[in-house]
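Me: I am new to this structure and should like to understand the reasons behind the terms used for it. May I put my questions one at a time?

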Amino acid sequence: MKNERVITNEINSINNTLDLEKKNNCLACKNEKIISRDTIVTGFLSERIFGITDGSLIPVKIYYCTNCGFTSYDRRLSENEEKKLYSGYRSEEYQLMRQKYEEFYTKDFNYLLGHDEKGLQAKESLLSEILIKHIHNHIYNGLDYGGDLGQRYPQNFPIDNKYVYDISGVKPLEGIISLASYDMAKTIDFDFIMCNHTLEHIADLDSFIELVKGLGNINTWFYFEVPFDSPFYPWSPEKRIRNQFTLQLQRMKRYLYLRLEKVGTILAKRGHYFCQMHEHVNFFTPYALKEFLERHDFKIYFNEVNITDGNLGKVRLISILCKLNQ
Ligand SMILES: [Zn+2]
């Protein structure tokens, strides 16, 4: 009996070791050629998730896949940790804590992020355009997975019933039907499922995409949209501002970033503590997102990068329209 336990422990220990090694594979394309660099978790995340207020650092590694360009961190948040980060997302308490570490994150800035009408409109017309061009069958039931208030539904593309499934439980906009649980969503046949600006936040990508997939069938159109950004040369205004204000020690590299992107990138890859782990834990390239979705049995019909303009400047987006393999 005792020996059995020892052997079981040994096997568990080997499995754990293998698991760790597996984590070194690219989470998007599973390639093993990963470059890693030491960095830390941002001060804001350290307090919000781990309750650290004494300035102690949480070391993590940033991973860059040499095959598909996907960038992520080795420290993946547990479900509970994700909950701590995202419950009360952008509330007053969230904003105040974040401003403690990131001076630019004022009340006004926080409001602007949640009420970027200009950006929303630009994204809406982009999505309308893509759907009108590529989807020629009638859509009876649409789902916005993780869609907050359902504000991403395009105006010019007809969808009979517009559902939203979001764990935040917020009251959706007029005309949008909120689904309180995943099981409830399972009872509906969806012709169209979209998932916007979510994948970049998800710790367990494989499990998450299986959940999204589980609500569709071989006739369902899936639309995924993520920012096309990189911690090595940030494109989104939010990250640019964050870097400017919070990483003051890196000012010289920042200067190079803006002027000599390539040199800045090389320095950034070498510099410790540069690309700190924040809310975006995954950075896709169009190729990485394609590889990731294909690995999960999706057939890609459309994959494009577009730039939209919003209150906070221009944003670069990856849009993918796909279906499950027959
Ligand atoms: Zn990869």
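Reply: Let us begin with handedness: a crossover is right-handed if, with the strands pointing away from the viewer, the path from the first strand over the helix to the second runs clockwise. In this predicted model, β7, helix α8 (residues 205–213) and β8 make a right-handed β-α-β unit.

Me: What makes β7 and strand β8 (residues 221–227) a pair?

Reply: Two strands pair if at least two bridges are found between them. Five bridges join β7 to β8, and the two run parallel, so the condition is met. Within this pairing, F192 stands opposite W221 in β8.

Me: Which strand has F192 as the bridge partner of G142?

Reply: F192 belongs to β7. Strand β4 (residues 139–145) pairs with β7 in the parallel sense over three bridges, which again satisfies the requirement of at least two.

Me: Why is strand β7 (residues 192–196) described as largely enclosed by the rest of the structure?

Reply: A residue counts as buried if 20 or more other C-beta atoms lie within 10 Å of its own. Five of the five residues of β7 are buried, and the strand is therefore called largely enclosed. F192, M194 and N196 point one way, I193 and C195 the other way, and all are buried.

Me: Why is Q151 called partly exposed?

Reply: Q151 has 16 other C-beta atoms within 10 Å. Buried requires 20 or more and exposed 12 or fewer, so a value in between is partly exposed. Q151 lies in the loop between β4 and β5 (159–165). Leaving aside neighbours within four places in sequence, Q151 is in contact with L120 and L173. Q151 and L173 are 22 residues apart in sequence, with their C-alpha atoms 7.0 Å apart in space.

Me: What makes β1 (34–40) and β9 (282–283) edge strands?

Reply: The open sheet of four strands has the order β1-β2-β3-β9, with antiparallel pairing. β1 and β9 each pair on one side only. For β1, the pairing with strand β2 (residues 59–65) is antiparallel over seven bridges, and D38 stands opposite K61 in β2.

Me: Where does the pLDDT fall below 50, with zero contacts beyond near neighbours in sequence?

Reply: The protein averages a pLDDT of 84, and 80% of the residues score at least 70. Over residues 14–22, however, the pLDDT is below 50, and this stretch has zero contacts beyond near neighbours in sequence. Residues 257–272 also stay under 50, although the model has 21 contacts for them beyond four places in sequence. Where pLDDT is low, the predicted coordinates should not be read in detail.

Methods:
Residues are numbered from 1 along each chain as its sequence is written. This is a predicted model: local features need pLDDT of at least 70, side-chain atom pairs count only at pLDDT 80 or more; totals for chains, interfaces and linings use all residues. pLDDT is the predictor's confidence in each residue, from 0 to 100. Two residues are in contact if their C-beta atoms, placed from the backbone, lie within 7 Å.
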